[in-house]
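Here is a short tour of a protein chain, from its overall fold down to a few side-chain pairs. Have the structure open beside you as you read.

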Amino acid sequence: MEETNNHGFNLWDYLYYRTTLLYSKIERKAGFEYNKDTGAYAVTVATMFNFLGLLLTILTLVIPDVYTVFTKSKYDKIVIIFFLFGYSILISRIMKSRHENIFKKYESETEKQKKTRGTWLLVYIVISIVGFFISGYIAKIAFNQI
């Protein structure tokens, strides 16, 4: 067993690894290249929940004037769409370029490591989604929009 399996666990890399493996089993006809994209999309969505939730919380609690001015702009939706599009392309390219390193790192994990890491991955996904919606709720409270 390689030493890298015991050190340097990265949730986003592991999310990519497990998603790619899962979809490779489910969608065998689609081919492995297609499933590398699916793994990259999963990481993109997960990190987007983290980043946007944190950004929304910071804007509403720390600098609410910026948030208010931004949402009153007629270009706010266009800016958000371009940002999300660029962000998804960037993360997808990063994950696909790291594909071989990620698979080398996790392909020889033990069953115990797989179970433990899978549990951490599930906890991360749930916390990311719940945290994102909590940040939206905080924004509503901060601007009395409930």
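## Overall fold

The chain of this predicted model contains six helices and zero strands. Following the sequence from start to end gives the pattern α-α-α-α-α-α.

Burial and contacts give a first feel for the fold. The chain has 146 residues, of which 30% count as buried. Looking at contacts between residues at least 6 apart in sequence, 80% join residues that are at least 24 apart.

## Where H1 meets H5

A good place to zoom in is the crossing of H1 and H5, whose axes come within 10 Å and cross at roughly 90°. Because of that angle, H1 counts as roughly perpendicular to H5. On the H1 side, the contact is made by Asp13, Tyr14, Tyr16, Tyr17, Thr20 and Leu21, while H5 brings His99, Ile102, Phe103 and Tyr106. By character, the residues of this contact divide into seven nonpolar, two polar and one charged.

## Aromatic pairs

Which numbers describe a pair of aromatic rings? The distance of the centres and the angle of the planes do the job. In this model the count comes to 11 aromatic pairs. Take tyrosine 14 and tyrosine 106: their ring centres are 5.0 Å apart and their planes stand at 70°, which is over the 60 degrees needed for an edge-to-face pair. This pair links distant parts of the chain, since tyrosine 14 sits in helix H1 (residues 11-26) and tyrosine 106 in helix H5 (residues 99-106), 92 residues apart. Tyrosine 14 and tyrosine 106 are both buried.

Now compare phenylalanine 83 and tyrosine 87. Here the ring centres are 5.9 Å apart and the planes are at 25°, so the pair is stacked. Phenylalanine 83 and tyrosine 87 are four residues apart in helix H4 (residues 76-97), which means that about one helical turn separates them. Are these two residues buried or partly exposed? Phenylalanine 83 has a relative accessible area of 35% and is partly exposed, whereas tyrosine 87, at 14% relative accessibility, counts as buried.

Back at the tyrosine 14 end of the story, ring pairs link Phe9, Tyr14, Tyr17, Phe103 and Tyr106 into a cluster. Among these, Tyr14, Tyr17, Phe103 and Tyr106 also appear in the contact of H1 with H5.

## Salt bridges

How many salt bridges does a search of the whole structure find? The search finds two. In one of them, the side chains of aspartate 13 and arginine 98 meet, with an N to O distance of 2.6 Å. The pair links distant parts of the chain: aspartate 13 belongs to helix H1 and arginine 98 to the loop between H4 and H5, 85 residues apart. Aspartate 13 has a relative accessible area of 3%, so this residue is buried. Its partner, arginine 98, is partly exposed at 31% relative accessibility. Aspartate 13 is also one of the H1 residues in the contact with H5.

Another salt bridge joins arginine 117 and glutamate 109, whose closest N and O atoms are 3.2 Å apart. Both arginine 117 and glutamate 109 are buried.

## A buried serine in H6

One last stop is serine 128, which lies in helix H6 (residues 111-142). Its relative accessibility is 7%, and because this is under 20%, serine 128 counts as buried. Leaving aside residues up to four places away in sequence, serine 128 touches Phe49 and Asn50.

Note on methods:
Residues are numbered from 1 along each chain as its sequence is written. Side-chain values use heavy atoms; hydrogens and water are left out. Rings of Phe, Tyr and Trp (its six-membered ring) pair if their centres lie within 6.5 Å; planes under 30 degrees apart count as stacked, over 60 as edge-to-face and the rest as tilted. Helices (H or I, at least four residues) and strands (E, at least two) are DSSP runs, numbered from the N terminus. Buried means under 20% relative accessible area, exposed over 50%, partly exposed in between (1.4 Å probe, protein chains only). Contact means heavy atoms within 4.5 Å. A salt bridge is a side-chain nitrogen of Lys or Arg within 4 Å of a carboxyl oxygen of Asp or Glu. Axes are lines fitted to C-alpha atoms, for helices over the stretch in contact, and angles run from 0 to 180 degrees between N-to-C directions. Angles under 35 degrees count as roughly parallel, over 145 as roughly antiparallel, 65 to 115 as roughly perpendicular and the rest as oblique. Ala, Val, Leu, Ile, Met, Phe, Trp, Tyr, Cys and Pro count as nonpolar, Asp, Glu, Lys and Arg as charged, and the others, Gly among them, as polar.
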